[in-house]
Amino acid sequence: PNCFGYPLSIFFIVVNEFCERFSYYGMRAVLVLYFKYFLQWDDNLSTAIYHTFVALCYLTPILGALIADSWLGKFMTIISLSVVYTIGQAVMSVSSINDLTDHNRDGSPDNITVHIALSMIGLILIAFGTGGIKPCVSAFGGDQFEEDQEKQRTSFFSIFYLAINAGSLISTIVTPILRAQECGIHSRQRCYPLAFGVPAALMAVSLIVFIIGSRMYKKVKPQGNIMIQVSKCIGFAIKNRFRHRSKEFPKREHWLDWASEKYDKRLIVQTKMALKVLFLYIPLPMFWALFDQQGSRWTLQATTMDGDFGAVQIQPDQMQTVNPILIIIMVPVVDTVVYPLIKKCRINFTPLRKITVGMFLASLAFVAAALVQVQIDKTLPVFPTAGQSQIKIINLGSDGATVLFEPQLQSVTVTPLESTSYMTFESSQLQSINVTSGNSTRTEEISLPGGNRHTLEVKNIATGIFVELVLDNVTSKPEEGNNLIRFINNLPDTDTINVTMGDTSFGTLTYLSTSNYSLFSGGRKDEITVASNSMLCSVTSQALGFGSAYTIIINGCSGDALYVTYSEDIPPNTVHMAWQIPQYFLLTCAEVVFSVTGLEFSYSQAPSNMKSVLQAGWLLTVAVGNIIVLIVAGASGLSEQWAEYVLFAGLLLVVCIIFAVMAYFYTYIDPREIEAQLDEEEKKQVKKDPVIYENQAEIDTHM
């Protein structure tokens, strides 16, 4: 059946691809944050496992192509591996259910090993599923067209690419929103089950849609995989050359010519052309090593930034949407404006020069990321080391207070209802504190273990000076843009009060007592309510930003109005996420001139039957690039993230120079012209000796 001149079957294939890409990119968008915040892995381990997974996703297409071309055929390969894919997505969703092992209902999994094991099983199944069907779906779509439908086939691939980008863009917007919700049976947590569950559902829909169209598909039987023939040809040439390595055998023009005893000239010449392109692929993995860090290091960088865009609050993992949005904009702009302008300037902007420029732009993108990281690092709080203690002072009284840290370490004066920033002391040197307020003085001996922050609360009251040293129990900045809030009851006319903020209760607080910290999502303004037997007061909190910690001091209640002051314990994220846009812009420009041009160049320089070999080689460069991230990040030993960005930028710049030299010596060929010459030679051979030619053709068929 046809619709608008297109086989009706391709519409099922396009919908299938949209759902599958939604499933993959939606799951991948939240993956590194799942590792970090749910599985409680550090940044380096989260990054390592993320890139291992991506590498596996780009290694398995070779396996999928072999299965499809040599055994099951494209249709059954897509069906079989889609089932594996769907199961993997479902397992990932189950693995992220907090209540699965939270038997004591404290909000944390009791057996994290179970969640890790399920996650790894799910990711392996997903990698085999998505990688295995990757080389099959687009080729299967191309099989649906007749030979006289070349125009429709070209349009199909454009629609197919649009479906990929649409699925990627929409899922990268939606799944971080789902992740940011709170859900759970016994305790409310970030909703990773929903963030993974929706992609799992979309993958199931993808499979169902593909099966529905099964009767309409044109199913081409497996005809053998050219990669196997090429591998055998190369292997035989190497073995044959090794057997004839002595000087008595004359040298041949090319080492592949040693395969001529077993393989025909056409396959050898075509393999030479393919290897010539594959040789240029050697430096390319370094580009992908930088490019794929959008989903790992750059997402983790966004967690320490301010995502407040006015009416919209952007989640850290949503910043990845900048890339597909810019792709949709930049591809037509570059094709219709930039390249024609370069051509008018009479600059010979060859494909290999475009790839070189793409590498350079990606290197610049990581320089931009390093500059942003330097600014972020300036805003991060410094926490005490094992031998240090940090103390901040909050003056809760109406008189000024002077605090002397003995022996003669530091003297600080604090005005009424004000606080200081944290001061750092060597724990072994700090012996006592002397507080003077009004006409009273009080000395307290202290002994601090080190490695912690403390708050010194002082107030001049009728019975003398109140002094209390409170352990803050905070050793790092709140992550994921969350805020930490605690309260001090500074209401002198009440015995105890009940404090709530939003839906969170801080319990009862006696006079001058301090609550524990509670975690709140960033960017919110919540209602603070204080209740006792004799009063009920409330006030809306000020905007507390993202990634901050505050001590809110309850000072007074008049009518139903509550009066509070805020003491900043940890400053909020102040570097805005918008500062990541330049690095995304540079990397997207790099992708446009690198990735699109790379595939175009490969196809233009490869023989007609070697497209799959080059496709496999191209996907292999992506896999190797992700492995490079593991090696470099693990071996560098750099403690500063900006330094790692600079290292990657420098490595790519060096590789860029090497590739530019390789490109300079590359000679462009026309495969069609070479194949036409081979056709002429074969015709002459047939006329000269048709029997020999037919026998050779039969041998090649069964090889």
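Residues are called buried under 20% relative accessible area, exposed over 50% and partly exposed in between, with a 1.4 Å probe and protein chains only. By that scale Lys232 is partly exposed, because its relative accessible area is 46%.

The structure is a predicted model, in which local features need pLDDT of at least 70 and side-chain atom pairs count only at pLDDT 80 or more, while totals for chains, interfaces and linings use all residues. Residues are numbered from 1 along each chain as its sequence is written, and side-chain values use heavy atoms, with hydrogens and water left out.

**Overall build**

The secondary structure comprises 17 helices and 22 strands, where helices (H or I, at least four residues) and strands (E, at least two) are DSSP runs numbered from the N terminus. Taken along the principal axes, the C-alpha atoms fill a box of roughly 120 × 55 × 50 Å. Of the 703 residues in the protein, 51% are buried. With contact meaning heavy atoms within 4.5 Å, 71% of the contacts between residues at least 6 apart in sequence join residues at least 24 apart. The protein exposes about 32,500 Å², of which carbon and sulfur atoms supply 60%; the areas come from the Shrake-Rupley method with a 1.4 Å probe, and for residues only the protein chains shown count as cover.

**Three residues**

| Residue | Location | Relative accessible area |
|---|---|---|
| Thr47 | helix α3 (residues 43-95) | 2%, buried |
| Lys232 | helix α7 (residues 226-243) | 46%, partly exposed |
| Glu261 | loop between α7 and α8 (265-280) | 48%, partly exposed |

Leaving aside neighbours within four places in sequence, Thr47 is in contact with Ser296, Arg297, Leu300, Val629 and Leu630. With the same neighbours left out, Glu261 is in contact with Phe236, Asn240 and Arg252. Glu261 and Phe236 are 25 residues apart in sequence, and their C-alpha atoms are 9.4 Å apart in space.

**Charge**

Lys232 also belongs to a positive surface patch, which it forms with Lys239, Arg243 and Lys262. Patches are made of residues with over 30% relative accessible area and no salt bridge, like charges being joined within 9 Å and nonpolar side chains (Val, Leu, Ile, Met, Phe, Trp, Tyr) within 5 Å; a salt bridge is a side-chain nitrogen of Lys or Arg within 4 Å of a carboxyl oxygen of Asp or Glu. Across the protein there are 49 positive and 60 negative side chains, and the centres of the two sets lie 14 Å apart. Lys and Arg count as positive and Asp and Glu as negative, with His and the chain ends not counted, and each charge is placed at NZ of Lys, CZ of Arg, CG of Asp or CD of Glu.
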